[in-house]
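Work through the two exercises below with the sequence and the structure at hand, and compare each step with the solution given.

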Amino acid sequence: MRTGLATPEGFDPARRPTIREVADAAGVSRSTVSRALTGRGYVAPTVRDRVRQVAHELGYVPDATARHLRQQASQSIGVLVSDLNNPFYAGLAAGISQQARDRRYTMMLADGGGSPEVEAEAAEAFVALRVAGVLVTPVSAQVSTYLIRQQIPVVEVDRRFAAGACDAVMVDNESAAQNVTARLLELGHRRIALVIDEMHWTTGQNRLAGYRAALAAAGVPADDSLVVRAGWDVEAARKEAHVLLGRAEPPTAIFAANNVLAEAVWRAAAELGLSIPDQLSLVAFDDVPWMSLVRPGVTAVAQDPVALGEAAVTQLFERIRSPLAPARTVLLSATVTSRGSTAPPPAR
């Protein structure tokens, strides 16, 4: 739809229009154009609509870089996740994106690939872009420490490294792990293996603590040989699961500490001809779509990554509003989705 407004003299459609040209075409000042397009400051509704229509017709896009230089911070937040191939982090990013849009902020997304070096490079880029704050699923304390030194509000998500120095939003991993392990114990399992990717981050530490707490509550001695570190990808974990299940005294149940490890155990059991749950019970941390598509479905701790992302954005903006408030850790609860992958242990 045309407004009937005159195109400014000398306007060349082959180049980017300027704010002055929008102002001339709309018959207002440049400051009025700025207020109309950013929503900051009062502009009469009819004038605002006219300015926005003219800007649309001319194809005008505000110069974000210049605005950021004036404001010392942009209308954007940095989001740094560990692995976008993992459905958990994709869901987390989706929750963050929606909340950022609701606040009229842009999300700048980076994939750290589980590398402290790549995380550091992304953090430097966020600082250069003058983001208003950063949400990170860190693999070390390095990235959070750097951002804090740069006076960038930062919230650690899913796991915590800089305890007391910055905010964190996490799932209550220990309680959830204790709950799902207790379910196996109630079915009569005593040789329950924990297949885990790491035990140095808060996620791994807390899931291990929950597993051990359930054993202790049931009076079952912990067997450290049943706690297996299985790498970071399906193939490496599948090989470890083969070794675990091929022992002279194999476990009767396995608790896989994330969805990647659960897939590896599932594949290894199938390759070895083990029937789930008749010969092996399986539970997992992280409920992802494939777990409800296979038969039997996999019983899993159901985190809500979208809700986790939403809570992280809320905490980040609270930090932006109150930069001197004490650091806060927010814990979200998780539920167990029961399916058909567990049963009493087979008779010896």
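The exercises treat the overall form first and then a single residue.

The model is predicted, so that local features need pLDDT of at least 70 and side-chain atom pairs count only at pLDDT 80 or more, whereas totals for chains, interfaces and linings use all residues. Residues are numbered from 1 along each chain as its sequence is written, and side-chain values use heavy atoms, with hydrogens and water left out.

**Exercise 1.** Determine whether the protein is spread out or compact by the globule rule.

*Solution.* Begin with the secondary structure, which comprises 13 helices and twelve strands (DSSP runs, H or I of at least four residues for helices and E of at least two for strands). The radius of gyration, taken over C-alpha atoms, is 26 Å, well over the 20 Å that the globule rule (2.2 Å times the number of residues to the power 0.38) gives for 348 residues, so the protein is more spread out than a compact globule. Finally, along the principal axes the C-alpha atoms fill a box of roughly 90 × 45 × 30 Å.

**Exercise 2.** Describe the surroundings of V301, stating whether V301 is buried or exposed.

*Solution.* First, locate V301 in strand β10, which covers residues 299-302. Next, take its relative accessible area, which is 0%, so V301 is buried (under 20%, with exposed over 50% and partly exposed in between, for a 1.4 Å probe and protein chains only). Then list contacts (heavy atoms within 4.5 Å): leaving aside residues up to four places away in sequence, V301 touches A176, V180, A284, F285, D286, D287, A334, T335 and V336. Lastly, the C-alpha atoms of V301 and N258 are separated by 9.1 Å, the two residues being 43 residues apart along the chain.
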